Amino acid sequence: MTEPATSRDPQDLAQVVRLGAAQRPAGLHRALVAEALVAAGWGANQFTPLSVVYRLEAGWSTMAVVLVFTTYLAGLVPALLLGCRTADRFGHRRVVRLALAVTTAGSLLLALAEASLVAVFVSRLATGVAAGLIVSAGAAWLRALSPGDDRGTRFAVYATGAGFACGPLVAGTLAAWLPAPSVVPCLVHGGFALLVLALTARIPEMCSIPGPPPAAPPGDRWSAITHPRFVGIVLPASPAIFAAVTVSYVVLPPFVLDRVRDHAPLFSGLVAALTLLVGLAVQPLAARIDRPGSARATLVAMGTVVVGLLLGALAIEEVSPLLVLGAAVFLGAGYGLTLESGLAEIGRLASPGALPTVSALFQGVAHSGFLAPLLLAVMARSASYPELLGGLALIGFILLIGAAVRAARHAHQDPFRPDPTPQELTWDE
């Protein structure tokens, strides 16, 4: 009878110990960079529930709120587009840590909201810049810390989503139940960002990663951005990505404040969190629905946004917090499905060298959806919000029909290239 193997060779045990010791710092480093992404999303979306405080306690108008909200976009988009290039030149750690300092300063300025409207505008601009830099450079840093697999990309997606979703919920909770509701949430976020700034000081740079693919010839880029499926299916749907979320948590909650006045900031934060968490949860569903040569994932996404807009119009008409939550579910689902289906489509249409150009155009058009609250506030002088949301739903339905017709005419059965890797399909190309 052989004796059971109850021990290992000492050399094997030593190797296991060394491997574990090497893996622990790598996991810790990824977790800390992910926390930087959480801080970026938290800082970006904490304004949503705090805007309710400004309405109720400082008498802010709807136009003032949406103008401040839109200022964030002016900082976000350039930083998103330039974040990776800046990190390649100056280093991921330096760029991310600088952005953490900027988002901290943005929160401190936001704490002055009731004393200075100018400080709020500067705060939102700084917060947008910080969020764009951290989301783009931080995601690239996570990929560099996770060579050989897609863990870095997945960490970036979930950390960013957690920050954007949990930030307004935390800020709304603090504003609802603690004194100084316009100050305490900002100080808590600023403290968190400073803590992450200190903890990321010793994370290795990890710049030894493959550079971007060589630029495609101009003809390839032009062919991709003028492809009938890109022009007729992807671009018409892309503004709905951020129009859906901003309508959900910027436009709808103020209409039911009288029904939830005792917990208004918390309700606003809950709507934002629900919208974004649903959007994150449904993205794998878009990948299952999507098929090369078919636009069904995009069509389902657009249809979901249309239903959410109609529910939102009904929620305003009935002054119903429950209907606002129902609209948030559909608008959040539409956001996630439209984003995922658009990324999958451009991944098939563009060669690796042309993908950065196509992605940049897609991002720019998608972020135009952030202007939806401002446009609705301007048009509200001549029509009611239920009518305006109904009109948006009608436009969405017309675009859906047009996309279906174009998809039938331009079935893309022979993709330009195979489905892209997760590392290629990111917002920071």
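L277 is partly exposed, with a relative accessible area of 43%. In this predicted model, L277 sits in helix 11, which covers residues 264–289. A good place to start looking is the partner of L277 across the sequence: C166 lies 111 residues away along the chain, yet the two C-alpha atoms are 8.8 Å apart in space.

From here the tour can move to pairs of helices. Helix 4 (residues 92–110) and helix 7 (residues 184–199) have axes that come within 8 Å and cross at roughly 165°. An angle over 145 degrees counts as roughly antiparallel, and helix 4 and helix 7 are therefore roughly antiparallel to each other. The crossing of helix 4 past helix 7 is left-handed. On the side of helix 4, the contact is made by R97, L100, A101, T103, T104, S107, L108 and L110. Helix 7 contributes C186, L187, H189, G190, A193, L194, V196 and L197. Sorted by class, the residues of this contact between helix 4 and helix 7 comprise 10 nonpolar, five polar and one charged.

A second pair is formed by helix 9 (228–237) and helix 14 (residues 355–367). The axes of helix 9 and helix 14 are 10 Å apart, and the two helices pack at an angle of about 40°. That angle makes helix 9 oblique to helix 14. Helix 9 and helix 14 cross in a right-handed manner. F230, V234 and L235 of helix 9 meet V358, L361, F362 and V365 of helix 14. The contact of helix 9 with helix 14 has seven nonpolar residues, with no polar and no charged ones.

Helix 9 also appears in the surroundings of helix 16 (385–409). Helix 16 has 25 residues, and the distance from its first C-alpha to its last is 36 Å, close to the 36 Å expected at 1.5 Å a residue. Buried positions in helix 16 are Y385, P386, L388, L389, A393, G396, L400, G402, A403 and A407. These buried residues of helix 16 pack against helix 3, helix 9, helix 10, helix 12 (296–318) and helix 15. As general background, an α-helix has 3.6 residues a turn, so residues three or four places apart point the same way.

Helix 15 (residues 372–379) has buried residues of its own, namely A372, P373, L374, L376 and A377. The cover over the buried residues of helix 15 includes helix 3 (62–90), helix 10 (239–251) and helix 16. Helix 15 and helix 16 can thus be viewed together: helix 16 is among the elements covering helix 15, and helix 15 is among those packed against the buried residues of helix 16.

Two loop residues complete the picture. Most residues other than glycine have a negative phi. A180, however, has a phi near 50°, a positive value in a residue other than glycine. A180 is found in the loop between helix 6 (151–177) and helix 7. With 39% relative accessibility, A180 counts as partly exposed. V319 likewise has a positive phi, of about 50°, although V319 is not a glycine. The loop that holds V319 runs between helix 12 and helix 13 (321–349). The relative accessible area of V319 is 27%, and V319 is partly exposed.

Conventions:
Residues are numbered from 1 along each chain as its sequence is written. This is a predicted model: local features need pLDDT of at least 70, side-chain atom pairs count only at pLDDT 80 or more; totals for chains, interfaces and linings use all residues. Side-chain values use heavy atoms; hydrogens and water are left out. Axes are lines fitted to C-alpha atoms, for helices over the stretch in contact, and angles run from 0 to 180 degrees between N-to-C directions. Helices (H or I, at least four residues) and strands (E, at least two) are DSSP runs, numbered from the N terminus. Angles under 35 degrees count as roughly parallel, over 145 as roughly antiparallel, 65 to 115 as roughly perpendicular and the rest as oblique. A crossing is left-handed if the near helix is turned anticlockwise from the far one by less than a right angle, and right-handed if clockwise. Contact means heavy atoms within 4.5 Å. Ala, Val, Leu, Ile, Met, Phe, Trp, Tyr, Cys and Pro count as nonpolar, Asp, Glu, Lys and Arg as charged, and the others, Gly among them, as polar. Buried means under 20% relative accessible area, exposed over 50%, partly exposed in between (1.4 Å probe, protein chains only). The expected span of a helix is 1.5 Å times one less than its number of residues.
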